[in-house]
Amino acid sequence: PPRSTLFPYTTLFRSGWKVGAAEPVFYAAESNSVNTLMTGLKDLQLDDEISSRADRASDYDVTAASGIAVRLEDAKGTQLVQGLFGKQARDMAHIYFRYPDKPNVYLGRGVIRGDLGRAEVNFWRDRHLLDIPEAKIQSVRIDGKGFSTEVVKTSTDSWSVNGKPVDPSL
């Protein structure tokens, strides 16, 4: 796939946003990155048309090879809209934008290129190992090559490691 394509190679969808490169492997998406993207897309407004010539698309980085392709789909996977975002304009308040099936390049405002992220699953993945409230955890056991460690909750605010109490001031 082209290195600039965000969708469908990286797919985000609601019900707790998920990200994945190919089915059936999907991971929880990091909510701040998704919220930044969605806020930027929601606020996007197209202003002036900069060019209507197809041969000028590369000047603004709105080609499949240099732009960031974004496609929005509904829950059934039906495409709602797609577009190519190019480089940030000199005023840093606008970004170049083009619909993939049209040559026209527009100035867009409301989103910056950094808000669009990268077309890499690991950019969008939530890095939290567990999503379990601490109050529900009674013990944790870690086994590795040549060692084993067990952390056990001994009361509401006390823990022990391998049978020895942990100093709560640490």
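Serine 51 has valine 105 as its bridge partner in strand S7, and that pairing is a good way into this predicted model. Strand S7 covers residues 105-109, and its partner here is strand S3, residues 45-51, which runs antiparallel to S7 over four bridges. From this pair of strands we can work outward to the sheet, and then to the cores.

**Strand S7 and its neighbours**

- How many of the five residues of strand S7 are buried? Four of them are, so this strand is largely enclosed by the rest of the structure.
- Strand S7 also pairs with strand S6, again in the antiparallel sense and over four bridges.
- If you look along that pairing, you will find tyrosine 96 opposite leucine 107 of S7.
- The link between S6 and S7 is a hairpin, which joins them through six residues.

**The whole sheet**

- Now step back: five strands make up an open sheet, and their order is S3-S7-S6-S5-S4, with antiparallel pairing.
- Which strands sit at the edges? They are S3 and S4, each of which pairs on one side only.
- From one strand to the next, the twist averages 35°.
- Towards the S4 end of that order, S4 and strand S5 (residues 79-88) pair in the antiparallel sense over six bridges.
- Within this pairing, isoleucine 68 stands opposite phenylalanine 85 in S5.
- A handy rule to keep in mind while you look: in a regular strand, side chains alternate between the two faces of the sheet.

**The nonpolar cores**

- The largest nonpolar core has 15 residues, and those with the most contacts inside it are Leu41, Phe85 and Leu116.
- Four elements give two or more residues to this core: helix H1 (31-43), strand S4 (68-73), strand S6 (94-98) and helix H2 (121-124).
- Which element supplies the largest share? That is H1, with three residues.
- Another core lies apart from this one; it has nine residues, among them Ala69, Ala89, Tyr96 and Val105.
- You have met two of these already: Val105 is the bridge partner of serine 51, and Tyr96 stands opposite leucine 107.

**A look at phenylalanine 26**

- Phenylalanine 26 belongs to strand S2, which spans residues 25-28.
- Its relative accessibility is 28%, so phenylalanine 26 counts as partly exposed.
- Although 95 residues separate phenylalanine 26 from valine 121 in sequence, their C-alpha atoms are 9.2 Å apart in space.

Technical notes. Residues are numbered from 1 along each chain as its sequence is written. This is a predicted model: local features need pLDDT of at least 70, side-chain atom pairs count only at pLDDT 80 or more; totals for chains, interfaces and linings use all residues. Side-chain values use heavy atoms; hydrogens and water are left out. A nonpolar core is a set of buried Ala, Val, Leu, Ile, Met, Phe, Trp, Tyr and Cys residues joined through side-chain atoms within 4.5 Å. Buried means under 20% relative accessible area, exposed over 50%, partly exposed in between (1.4 Å probe, protein chains only). Two strands pair if DSSP finds at least two bridges between them. Axes are lines fitted to C-alpha atoms, for helices over the stretch in contact, and angles run from 0 to 180 degrees between N-to-C directions.
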